[in-house]
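Here's a quick walk through a model, written for someone who would rather be at the bench. Have a look at the fold first, then read on.

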Amino acid sequence: MTVWEMCAVLAAGLGAGAVNTVVGSGTLITFPVLLAVGLPPVTATVSNALGLVPGSVSGAIGYRKELRGQRRLILRLTAGAVLGGLAGAVLLLALPAAAFEMIVPVLVGLALLLIVLQPRISRAVRRRRARTGRPLSAHGGPGLLAGVGLASVYGGYFSAAQGIIYISLMGTLLDEPMQRLVAVKNVLVAVVNGVAALFFLWRADFDWTAVALLAAGSAVGGRLGATVGRRLSPVLLRCLIVVVGGAAIAQLVLG
């Protein structure tokens, strides 16, 4: 890489770390940059997964206050995230590069629809629970565990907008404020990226220069994203997720 290309990758890592912490979809910033500096698609995907792990961890640490009291939920969902992330990493190396091109925009679109409708869905669920006398599960039940597992397969494969899918699932099945859902999402993304990264270190080719630059940028960006994201109101945060998710769909479809 030239000096300017290295600066571009570093800046992309910084932006991706911040965006991933608040919303998700940071891969849509870094992946095109890695392709532009000459990395093959699979090598770029693997290098991206490795490089963004520090940003995921940094973002989760930045949201540590919102993680209090959610240990049991996180431990439960982490099991699905580990298995799903590993399966997705295996699929990346086994399937053709275009295998998910059709399904990814659909998944992100459905996730955005759930996020938009989440307040109404939550109210309807609470009314139904009140009529039946059955309390809402504190852990989202088997549906959430299965959904997180499937979303983690996608996350281990490509990772773009996986955070949006996690938030939509948890927002539908859990009665928690948006900021607490974002905090759990950051932990799940860190787990999936970490599992995929460990697998890639063993089985895949990657570019150490790109990984190091992305790691440095995303670590700083993750903390910046947490500082800004924790101050956003639930309404503004939901709007930001929808805007970023819409841009992600457009890039995936048109790119």
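## A walk through the helices

V116 has its place in helix α6, residues 103–132 (helices are DSSP runs of H or I, at least four residues, and strands are runs of E, at least two, numbered from the N terminus). Before going further: this is a predicted model, where local features need pLDDT of at least 70, side-chain atom pairs count only at pLDDT 80 or more, and totals for chains, interfaces and linings use all residues. Residues are numbered from 1 along each chain as its sequence is written, and side-chain values use heavy atoms, with hydrogens and water left out.

Here is how three residues sit in their helices.

| Residue | Helix | Relative accessible area |
|---|---|---|
| V116 | α6 (residues 103–132) | 46%, partly exposed |
| T27 | α2 (residues 27–36) | 2%, buried |
| S218 | α10 (residues 208–229) | 0%, buried |

Those labels work like this: buried means under 20% relative accessible area, exposed over 50%, and partly exposed in between, using a 1.4 Å probe and protein chains only.

V116 also has company: together with V106, L110, L113 and L117 it forms a nonpolar patch on the surface, with about 410 Å² of accessible area in total. Areas come from the Shrake-Rupley method with a 1.4 Å probe, and for residues only the protein chains shown count as cover. To join such a patch, residues need over 30% relative accessible area and no salt bridge, and nonpolar side chains (Val, Leu, Ile, Met, Phe, Trp, Tyr) are joined within 5 Å. A salt bridge here is a side-chain nitrogen of Lys or Arg within 4 Å of a carboxyl oxygen of Asp or Glu.

What does S218 touch? Leaving aside residues up to four places away in sequence, S218 touches G13, L14, G17, G51, L52, P54 and G55, with contact meaning heavy atoms within 4.5 Å. The S218 side chain also reaches the backbone nitrogen of G55 at 3.2 Å. As for G17, its C-alpha atom is 9.2 Å from that of T27, 10 residues apart along the chain.

Zooming out, the protein has 11 helices and zero strands. Of its 255 residues, 51% count as buried. Among contacts between residues at least 6 apart in sequence, 83% join residues at least 24 apart.

On confidence, the mean pLDDT (the predictor's confidence in each residue, from 0 to 100) is 81, and 83% of residues reach 70 or more. Among the elements, α6 has the lowest mean at 67 and α10 the highest at 91.

Technical notes: Patches are made of residues with over 30% relative accessible area and no salt bridge: like charges are joined within 9 Å, nonpolar side chains (Val, Leu, Ile, Met, Phe, Trp, Tyr) within 5 Å. A polar contact is a pair of N or O atoms within 3.5 Å; within protein, one must be able to donate a hydrogen and the other to accept it, and residues adjacent in sequence count only if both atoms are side-chain atoms.
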